[in-house]
Structures are given as structure tokens and as C-alpha cells.
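Student: Hey, I'm new to this one. Can you walk me through it?
Tutor: Sure, let's get it up on the screen.

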Amino acid sequence: MLRLLSVVSILALTLGAQTQPPRPPDAAREKRLEWFREAKYGLFIHWGLYAVPAGEWKGQRSLGLGEWIMNRSKIPVAEYEAFAKQFNPVKFDADQWVQLAQDAGMKYVVITSKHHDGFAMFKSNASRYNIVDATPFKRDVLKELADACARRGMRLGFYYSQSQDWHEKDGAGNVWDFGPDQGADGKELKNYDAYLRGKAEPQVKELLTGYGPVALIWFDTPRMMTPERGQRFADIVRSLQPNTLIDGRLGTEGDYKSTGDNVIPPEASTEAWETPATINDTWGFRKDDTNWKAPAQIAFKLVDIVSKGGNYLLNVGPTAEGIIPQPSQDILRTVGRWLKVNGEAVYGAGTSPFGDEFGEYTARGAKNVRGEKLFLPQTEWRVTSKPGKLYFTFFAEPRAPFEIPAVKNRLTRAYRLADNAPVELKSEKGATTLTLERPMLDPMATVVVVEYEGRKIER
Ligand code: FHN
């Protein structure tokens, strides 16, 4: 069943980073993006009232994503509101969460400030349906997290569901209490702008004024977001914090592209982009979702994404007590230990100058679950780059000798990144090969640095 969840989330939004033509260069945007392009790896946190039911409603398993339980089980607003009275995450410790992100080697944190259920995880004057005014906990967890991030030098961004708000009669999405958002002719049936102006816009202002520097605002599911409405949010962000990034799901142009959930594009792109992804199958905590990805899978996805020019925003779903599930913590820390010795191949690294290693489209015409031409990925090795250096990350032991794709530059030296041990680099009859010691140093992923003359690879 839980496998279905990934399909649901993939179908929920597909903004293929690779399908749109590149945008004209914009110096201000490039400046804002500098840290983002360097960072590569961030922690996504989906935390809200949905952690209380944790995937179960009235004794029944409620299928779907944890944070969608109100929608999937058609829970009336009045009944869902009762979860607020039970939300008392006494084990929440902001410093521990930031420490986890740091141990994991992540360079930014993005937390749900308000998801589609409409509940604000911060003190809000725009709506009393918030963690301080409506729960026994009464603490502003975003403030605590912002302070912990500031203390520890971690960038913090806020997810904000600008369009869907199932708590409000005029927000998008709650068709079970308030009827459809639009008629068959597309005519809007709710006073959507009243909701935007009365709650969403003021709350985004609160986030940008009460929590110090905000690295980015992560808008989502832009239903009924006309360019004009999207622009109102963009103006709020730009006027209050000009350095704050806007993701790719506002409904008007953001600073970077967001792919569909868990979607890694088949090709590299020079435009900034990010894949939001789950560590199991859901975003918000559900007690039955134990389908954890292995650390090796996470390490592969991270390097795969970096080799294509993107960022990896990997999610955890804390419990209603305020605990990040132990398996998530263990997986993140395992990858973090790998990054401690191999991070040079990831942070600030550029794309692969090759691309054949990504895989290829099927020649037989099959489609993927999104109805696009099926791409058959290869997962054995990836290449990331810096001026004068190529980083070959091997996820499977290469049969020696491993042939490096042809380049015009002279390759001068090869060594393992983890321990600087030399790796045999041989040029013979026009082919250059690497011979790795076997077994591979780190079976999860072994990085070999190949140095070359010049700053850029010529092919
Ligand atoms: O509907 C949401 C979902 O709950 C989750 O927040 C993801 C994260 O990218 N975004 C939407 C679906 O794409």
C-alpha cells in the first residue's frame, strides 16, 4: 500500500525541471542563489497536527500521505481541530534537530510552517489556529528552531501552503466541508482572495519579519494561483527579505525549479533546481510507514542529483511527541559520516561533463508512471566536477580497468578521496583507465579524484 503513496505524491505535482527552456540570466537571482548552489543537500521537515493521528482515523488505517489524512478521510474541520488539543510535543528539542541536520552533512533546513491542513506551527496574529494559541504546548517551535539555526550557523527556510488551506472556507482544497473550489466551467466558487489577503499573505509576512533571515520560502501546490496572485507573494518576499529564495511552486516564476516529488531528472541542467524527496514513503509521520531507503540509496541519489546540477531536499516526519524517528536519524547520520570524508565531491561541485553514465531512454516506447518516455537509469557511477578535478563516485565495484570517457585534457593524477591513496591511471592506445584496488574501499560509494590540466574538461 505504501508504495502507492509515492505514486500519489509523484502525481500530485510534476514540474519537470528538464522540460522548460532555460531562463535568461538574471544577476540578482544568481547572487541570491550562490549559497543554494553550493549547499546541495537540505533537510525537509513535515511536522504538524497530522502527526497526532499518524495515519489512523477512528481506528481505521487512512491511506495516503500522512499529512493528507484530513483530506483522505474527509475529517470535518471541527473534528480535526481537536488534534490541536492533543498536540503536546514535549520531547521537541530544536538544537537536537539542527544537530541532526549538521551530522547529516545538510546545509539548510526547511520546515512546514503551515501545511494544507491550515494549522500554523508558529504564533500568528492572522489566525488563532496556531501552535501557541491552540495547543497545550504553547511554544513557537519555529522560533525555537530559528534560534537554534542562528546559534549553529544553519540556514532555515519555511514551507508555506499558500493555496490549499482546508481549515478555511475560502482556502483551496476542502471540498468536504465547504464544497468545490471551482465550477465545471472553472469559475471560482469561493472567495479565494479573501483567504489569501486575510490569512496567507499576512502569515507569510509574519514569517519574514519574526524569525530572522529566512533562507527560502517553499510554496506548494499552486492551485488557482494566477500569475497576479503569485506575484503578490513574490512582492511580499522581495520587499521584506530580498535575499530569500522562492522555490518553483509558487505559481509565478521562482528562483529555482522544483521537480515533482521524488523525481530526479534524467539529464543535467545548468539552471538551479531541487528534488524534494521522502526518506520512506510519506512526508508527515505515519506510524505504519517503515519503508526506509537505505543509506546507500540516499548517497546515490545525492551524488546523482549533484552530478546533474541540482539540490536534494530530503524529508523527515517527526512524531507528535517531537521525535524524529530513529531510523531516519540513523540513515541520515550514516550518509553524514560518508560526507565527512567525501564531501568535497558534493558541496559546490559542478555537473558531469559526460552524461552517458546517467542511462538511456528505452527504445521500446514504454512510459513511466507519469506517462513520459521511460528512462532506464544506470546507477554504477557518477561524476561531479570542480576546476581541474573530476570526482568519479563508484556505487558498484568497477571491473578493472575502468575506462574513463575520452577527454582532450591531459589527465595527470588519480587518488581516492577518503584516504588520498593513489589509484593507477594509465593511458594506452588512446584510452585512459583507472584501476581501483579491490575490494572497493567503501562498498557504499568510493570516490576517486582524477586531476586534469586546465580548468574545464574539453571533449
Ligand atoms: O501535497 C503536498 C505534499 O503533502 C507534500 O508537502 C509535498 C512535498 O513536496 N508537496 C505536495 C505534493 O507535491
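Tutor: We'll go through the ligand site and then a pocket, keeping in mind that this is a predicted model.

Student: Okay, which residues come nearest to the ligand?
Tutor: That would be His46, Glu67, His116, Asp220 and Asp261, out of 15 residues around the ligand.

Student: And what kinds of residues make up that shell?
Tutor: Seven are nonpolar, four are polar and four are charged.

Student: You mentioned Asp220. How far is its polar side-chain atom from a nitrogen atom of the ligand?
Tutor: The distance is 2.5 Å. The ligand's oxygen atoms have partners too: a polar side-chain atom of His115 sits 2.8 Å from one oxygen atom, and a side-chain N or O atom of Arg249 is 3.1 Å from an oxygen atom of the ligand.

Student: How much of the ligand's accessible area does the protein cover?
Tutor: 100% of it; on its own, the ligand has 320 Å² of accessible area.

Student: Switching topics: what's the volume of the second largest pocket?
Tutor: About 350 Å³. Its lining has 21 residues, and Arg155, Gly212, Pro213, Val214 and Ala215 are the closest to the pocket's centre.

Student: Which element gives the most to that lining?
Tutor: Helix α7, with five residues. α7 covers 141-152, and α2 (27-39) and β5 (155-160) also supply at least two residues each.

Student: How does the lining of that pocket divide by residue type?
Tutor: Into eleven nonpolar, five polar and five charged residues.

Terms used. Residues numbered from 1 in each chain as written. Predicted model: local features only at pLDDT ≥ 70, side-chain atom pairs only at ≥ 80, totals over all residues. Heavy atoms only, no water. Near = heavy atom within 4 Å. Polar contact = N/O pair within 3.5 Å; in protein donor to acceptor, adjacent residues only side chain to side chain. Areas by Shrake-Rupley, 256 points an atom, 1.4 Å probe, with all protein chains shown as cover. Nonpolar A, V, L, I, M, F, W, Y, C, P; charged D, E, K, R; others polar. 1 Å grid on protein atoms, 1.4 Å probe; cavity = no way out; pocket = protein on both sides within 12 Å on 5 of 7 lines; lining within 4 Å. Points joined across faces, edges and corners; volume = space filled by probe spheres on them. Helix = DSSP H or I, 4+ residues; strand = E, 2+ residues; numbered from the N terminus.
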